[in-house]
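Reader: Hi! I'm in my first year and still learning to read structures, so could you take me through one part of this one slowly?

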Amino acid sequence: MVHNQDPFNAEPPPEALAATEITPVEAFYCRNHGPIPDIAAPEWRLHVGGTVAEPLSLTYDDLTGYPAHDVVATLECAGNRRAELLAVQPIPGKEPWAQAALSTAVWRGARLSDVLRDAGVRSEGEAYVAFVGADATPFGPFGASIPLGKARADEVLLVWAMNGASLPRIHGGPVRGLVPGFIGARSVKWLTGISVQPTPSDNHFQAVDYRVAGVALSTLQLNCAILTPTGRVDAGPLMITGYAVAPDTRRIARVEVSTDGGHSWATAQLESQTSRWAWRHWSLTVTAEPGPLTVIARAVDDTGATQPESAAALWNPDGYANNAWARVQLTVD
Ligand SMILES: Nc1nc2c(c(=O)[nH]1)N[C@H]1C(S)=C(S)[C@@H](COP(=O)(O)O)O[C@H]1N2
Ligand SMILES: [Mo]
């Protein structure tokens with residue numbers, strides 16, 4: 001489903017996300033704020049500066065010479081499920097993402113912490129690592145920042161390969177950042193600059209955009225969606241499938257499904273998880289009676305927190321962070 005050709009913004013059909021734990025590159029959602037840069041790997045440079053003892057300028061060969069680590073991680077846009085918010089009240093000029101502005105890949109790259117160690121990070125106390133990309137958006141280059149503590153975590157990578165092949169240009173090739181557990185906007189594509197600094201990035205996409213009530217979004221929301229089925233189904237046993245995602249430091253404990261408007265809930269079966277940073281696919285078989293059928297789902301995390309009931313209470317002018325109960329209307333023949 002292409003929301004925008006230029007810049008290119010598209011999400012896969014829900015069945016494509018339901019089919020596999022690792023999303024094929026052809027189906028992986030694409031979220032861009034400007035034209036796609038074309039940087040040949042030999043020309044690419046990464047500058048690492050700020051409050052470091054040893055500023056670095058790394059070539060592609062330098063970076064890929066670091067120990068390689070694979071992380072299976074789900075990337076989710078903060079605008080995922082905006083369509084349900086703009087049904088409450090219009091949100092002009094923003095992509096009407098349904099529930100597939102997220103995907104999961106095997107990412108290979110160097111640990112950001114290894115590069116920061118070689119740069120001799122000096123900062124103590126409150127510090128941030130800011131990223132900048134090579135794309136020219138209407139607001140200048142895309143950038144973001146994360147706390148130094150997260151930047152030093154094992155799962156945060158400087159990625160050069162996706163699902164076993166070179167990182168495609170559209171997903172940030174030759175090199176992108178990967179910050180599992182945080183909103184997709186912090187995983188900066190076409191990465192060319194890293195700066196260690198005492199304050200968050202002043203880049204538009206950190207300082208102005210990707211905020212709710214003035215607060216910068218950082219970790220993901222506890223969320224879930226129903227992926228299959230959609231539309232018309234046959235009466236009898238009906239398998240319902242979907243995904244659930246947990247914020248940075250939390251895990252999915254269970255997913256609950258209701259077919260009676262939220263009066264009673266059944267616990268879905270969670271698929272085994274390939275990685276601590278990946279979504280949980282889930283499924284539940286119910287008995288469908290002829291007529292209209294509304295299915296509702298909600299996830300519970302390992303702190304006992306669950307999702308809010310309605311999107312109306314979550315509406316915000318930029319349409320971010322919708323994690324209301326998932327709902328799908330079916331017609332049973
Ligand atoms: N340089 C740059 N990095 C970026 C973006 C961008 O427009 N430019 N979009 C961000 C957003 S909002 C998301 S959700 C993810 C999307 O990554 P993908 O297109 O590989 O799915 O990249 C992030 N990194
Ligand atoms: Mo995003």
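Reader: I'd like a close look at the empty space: how many cavities of 30 Å³ or more does a search of the whole structure find?

Author: Three cavities of 30 Å³ or more turn up when the whole structure is searched. Some ground rules before we look inside. This is a predicted model, where local features need pLDDT of at least 70 and side-chain atom pairs count only at pLDDT 80 or more, while totals for chains, interfaces and linings use all residues. Residues are numbered from 1 along each chain as its sequence is written, chains are lettered from A and ligands numbered from 1 in the order in which they are written, and side-chain values use heavy atoms, with hydrogens and water left out.

Now, the idea of the search: rolling a probe the size of a water molecule over the atoms shows where empty space is left. On a 1 Å grid over the protein atoms alone, a cavity is a set of points where a 1.4 Å probe fits but cannot get out; a pocket is an open set with protein on both sides within 12 Å along at least five of seven lines; and lining residues have an atom within 4 Å of a point. Points are joined across faces, edges and corners, and the volume is the space filled by probe spheres set on them.

The largest cavity holds about 230 Å³. Its lining has 19 residues, and nearest the centre are Arg31, Arg176, Gly184, Ser187 and Lys189. Sorted by class, that lining is ten nonpolar, five polar and four charged residues. (Ala, Val, Leu, Ile, Met, Phe, Trp, Tyr, Cys and Pro count as nonpolar, Asp, Glu, Lys and Arg as charged, and the others, Gly among them, as polar.)

Next comes the second largest cavity, with about 170 Å³ of space. Here 16 residues make the lining, and Val245, Ala246, Arg276, Trp277 and Ala278 lie nearest the centre. Eight of the lining residues are nonpolar, three polar and five charged.

What about open space? The largest pocket has about 210 Å³. It is lined by 16 residues, with Arg31, His33, Gly93, Glu95 and Phe139 closest to its centre. By class, you get six nonpolar, six polar and four charged residues there.

Let's follow Glu95 from that pocket lining. Its backbone oxygen is reached by the side chain of Arg82 at 2.8 Å, which fits a polar contact (a pair of N or O atoms within 3.5 Å; within protein, one must be able to donate a hydrogen and the other to accept it, and residues adjacent in sequence count only if both atoms are side-chain atoms). Arg82 sits in helix α3, residues 82-86. (Helices, H or I with at least four residues, and strands, E with at least two, are DSSP runs numbered from the N terminus.) Arg82 counts as buried because its relative accessibility is 1%; buried means under 20% relative accessible area, exposed over 50%, and partly exposed in between, with a 1.4 Å probe and protein chains only. Leaving aside neighbours within four places in sequence, Arg82 is in contact (heavy atoms within 4.5 Å) with residues including Ile91, Lys94, Glu95 and Tyr320.

His281 makes a nice companion example. It belongs to strand β21, residues 280-288, and is buried too, at 8% relative accessible area. The His281 side chain reaches the backbone oxygen of Leu17 at 3.1 Å. Among the contacts of His281 beyond four places in sequence are Leu17, Tyr243 and Gln269.
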